[in-house]
Amino acid sequence: MIEKQFTITDEAGMHARPASALVGSISKFKSDIQLEFNGKKVNLKSILGVMSLGISSGSVVTISADGEDEAEAMEKIEEAMKAEGISNQ
């Protein structure tokens, strides 16, 4: 299992457009990928789950990947977070 924390830097927080791009970028991975915020965990492959958390700018989220392609999945997550301006980590 790989786990990493990200600080949300987008002024609007984790809103629909970047969240959708992030979810879409990881949908092909077989690993179980979870997003945790404020004590709640959701499947990062679910746009509804991600949006239900109401993640605002400045929030710290934890993303975990567990499975055969977890390293590749986490690399893609990091790339997507930077590319979409969600986080600069």
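Let's start with a yardstick: a residue counts as buried under 20% relative accessible area, exposed over 50%, and partly exposed in between, with a 1.4 Å probe and protein chains only. This is a predicted model, so local features need pLDDT of at least 70 and side-chain atom pairs count only at pLDDT 80 or more, while totals for chains, interfaces and linings use all residues. Residues are numbered from 1 along each chain as its sequence is written, and side-chain values use heavy atoms, with hydrogens and water left out.

First, the overall layout. The protein chain has three helices and four strands, where helices (H or I, at least four residues) and strands (E, at least two) are DSSP runs numbered from the N terminus. Walk along the sequence and you meet them in the order β-α-β-β-α-β-α. The radius of gyration is 11 Å, close to the 12 Å that the globule rule gives for 89 residues, so the chain is as compact as a globular protein of that length. (That radius is taken over C-alpha atoms, and the rule is 2.2 Å times the number of residues to the power 0.38.) Along its principal axes, the C-alpha trace spans about 35 × 25 × 20 Å.

How much of the chain is tucked away? Of the 89 residues, 43% are buried. The protein chain exposes about 4700 Å², with carbon and sulfur atoms supplying 46% of that; accessible areas come from the Shrake-Rupley method with a 1.4 Å probe, and for residues only the protein chains shown count as cover. As for contacts (heavy atoms within 4.5 Å), take those with a separation of 6 or more: residues 24 or more positions apart account for 70% of them.

Now look at strand E4, residues 60-66. This strand is mostly covered, with five of its seven residues buried. Which strands does E4 pair with? Pairing here means that DSSP finds at least two bridges between two strands. E4 runs antiparallel to E1 (residues 2-7), joined by six bridges, and also antiparallel to E2, joined by five. Ser 64 is a handy spot to see both pairings: this E4 residue is the bridge partner of Glu 3, and Gln 34 stands opposite Ser 64 as well.

Next come the salt bridges, where a side-chain nitrogen of Lys or Arg sits within 4 Å of a carboxyl oxygen of Asp or Glu. By that rule the count is three. One of them joins Lys 4 and Glu 78, with the closest N and O atoms 3.4 Å apart. This pair links distant parts of the chain, since Lys 4 is in strand E1 and Glu 78 in helix H3 (residues 70-83), 74 residues apart. Lys 4 is partly exposed at 27% relative accessibility, and Glu 78 is partly exposed too, at 23%.

Arg 17 and Glu 84 make another salt bridge, at 2.7 Å from N to O. Here helix H1 (residues 16-26), home of Arg 17, is linked to the segment after H3, where Glu 84 lies, across 67 residues. Arg 17 is partly exposed at 49%, and Glu 84 is partly exposed at 23%.

Glu 68 and Lys 30 also meet in a salt bridge, this time at 3.9 Å from N to O. Glu 68 lies in the loop between E4 and H3 and Lys 30 in the loop between H1 and E2, so the pair ties together parts that are 38 residues apart in sequence. Are these partners buried or exposed? Glu 68 is exposed, with a relative accessible area of 69%, and Lys 30 is exposed at 65%.

A few local details remain. Most residues other than glycine have a negative phi. Asn 38 has a positive phi of about 55° although it is not a glycine. Asn 38 is found in the loop between strand E2 (32-37) and strand E3 (40-43), and is exposed, at 70% relative accessible area.

His 15, in the loop between E1 and H1, is partly exposed at 25%. Leaving aside neighbours within four places in sequence, His 15 is in contact with Asp 10 and Met 51. The C-alpha atoms of His 15 and Met 51 are separated by 7.1 Å, although these residues are 36 apart along the chain.
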